[in-house]
Amino acid sequence: MTGSRTAPDAGTPGLTGIVPVVPAERLVAELVPPAHFADATFDSYVPDEAHASQAAAVDRLRAVADEVATSGAARGWWRRRRTAAPAVYLDGGFGVGKTHLLAALAHRVRAHGGTAAFGTFVEYTHLVGALGFGATVQALSAFRLVCIDEFELDDPGDTVLMSRLLRELADHGVALAATSNTLPESLGEGRFAAEDFLREIQALAARFEVLRIDGQDYRQRSVRHDGGLADDVVRASVAGRAGATVDDFDALLTHLERVHPSKYGALLDGVRVVGLTGVHAVTRQDVALRLVVLVDRLYDRDVPVLLGGAGTDGLFSPEMLAGGYRKKYYRALSRLGALASDGAALVP
């Protein structure tokens with residue numbers, strides 16, 4: 001990353017003092033499983049014995065990984081076999097290990113000599129914005145496997161864009177794997193998210209094999225969503241820590257308006273712990289959606305967060321949690337709760 005960094009005060013620096021500048025080629029180079037899943041393997045995924053679909057998904061994904069890894073040059077091999085490259089969709093709720101399995105799939109393909117791109121739905125849409133559609137297709141067609149985590153269906157324009165991108169990649173012989181979330185209250189209703197996904201990708205629907213992954217949110221099993229820490233405790237806990245930042249919540253939200261979401265990862269370069277003071281409910285949808293992207297990048301990098309103010313309590317309004325972007329907000333609460341739990345452990 002190139003850019004400028006200034007301290008907002010004489011003490012611990014803040015994210016609001018960082019203005020990242022990210023070259024387009026970095027966006028492609030960083031299409032790898034995030035640090036949180038850097039060591040994810042099929043062996044390190046522990047299926048819940050109460051949900052047989054988890055073990056079944058692992059077995060099927062192992063076979064897909066081996067098929068892709070041994071395919072040789074992506075285009076020529078599939079065409080010689082006169083069959084389409086594999087395409088799998090992992091359907092399940094929050095915290096059942098879909099991203100772990102998706103990362104394990106990418107790692108196994110790479111370990112066996114194949115090439116795999118891994119990114120979130122948002123990262124791929126940002127890539128198209130940075131490179132243009134044609135250049136993005138060209139760049140991604142060089143991979144044998146493209147993994148799309150957290151496929152989102154709440155923005156019609158982005159959904160159409162990604163459907164078209166997937167179609168182009170499939171036509172180039174690239175294997176595909178995707179995940180998205182079923183809402184907690186929708187579990188047990190059958191392939192809720194899968195039906196939405198297959199409907200939106202239309203012509204590609206027949207190519208995708210749906211792997212259902214049932215289970216409970218493992219993050220919620222050990223995370224408590226209490227109110228935030230005292231702001232003084234947040235400041236004291238990060239003071240003097242290497243790679244620590246501290247920001248007023250409102251100031252950070254304002255700063256995020258000035259930084260493109262594709263650069264939020266670069267915003268966190270070198271950051272090892274984040275302190276936020278004065279955390280409160282977010283009332284504007286555009287602000288909330290930017291916060292969701294930041295939480296995803298923090299979670300990708302395993303950055304503990306110390307939350308002052310109200311913490312996660314009431315962070316998103318009941319209207320937001322019932323609206324069109326509710327899947328994003330539930331995911332953000334699940335992930336932020338886990339990061340806040342890690343942050344609370346740093347309090348002296």
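Val-21 has its place in strand 2, which covers residues 18-21, and the model in which it appears is a predicted one. The chain that holds this strand has 348 residues, of which 51% count as buried, and its secondary structure comes to 15 helices and 10 strands.

**Val-21 and its surroundings**
- Val-21 has a relative accessibility of 43%, and it therefore counts as partly exposed, since that class lies between the limits of 20% for buried and 50% for exposed.
- Although Val-21 and Val-259 are 238 residues apart along the chain, their C-alpha atoms are separated by 9.4 Å.

**Helix 13**
- Helix 13 runs through residues 285-300, and at 1.5 Å a residue its 16 residues should span 22 Å, which agrees with the 23 Å that separates its end C-alpha atoms.
- Because 14 of the 16 residues of helix 13 are buried, this helix is largely enclosed by the rest of the structure, where buried stands for a relative accessible area under 20%.
- Just after helix 13 comes Asp-302, a residue that takes a positive phi of about 55 degrees.

**The chain as a whole**
- When contacts between residues at least 6 apart in sequence are taken together, 82% of them join residues that are at least 24 apart.
- The accessible surface of the chain comes to about 14600 Å², and carbon and sulfur atoms account for 52% of that surface.

Terms used:
Residues numbered from 1 in each chain as written. Predicted model: local features only at pLDDT ≥ 70, side-chain atom pairs only at ≥ 80, totals over all residues. Heavy atoms only, no water. Helix = DSSP H or I, 4+ residues; strand = E, 2+ residues; numbered from the N terminus. Expected span 1.5 Å × (residues − 1). Buried < 20%, exposed > 50% of the residue type's maximum accessible area, 1.4 Å probe, protein only. Contact = heavy atoms within 4.5 Å. Areas by Shrake-Rupley, 256 points an atom, 1.4 Å probe, with all protein chains shown as cover.
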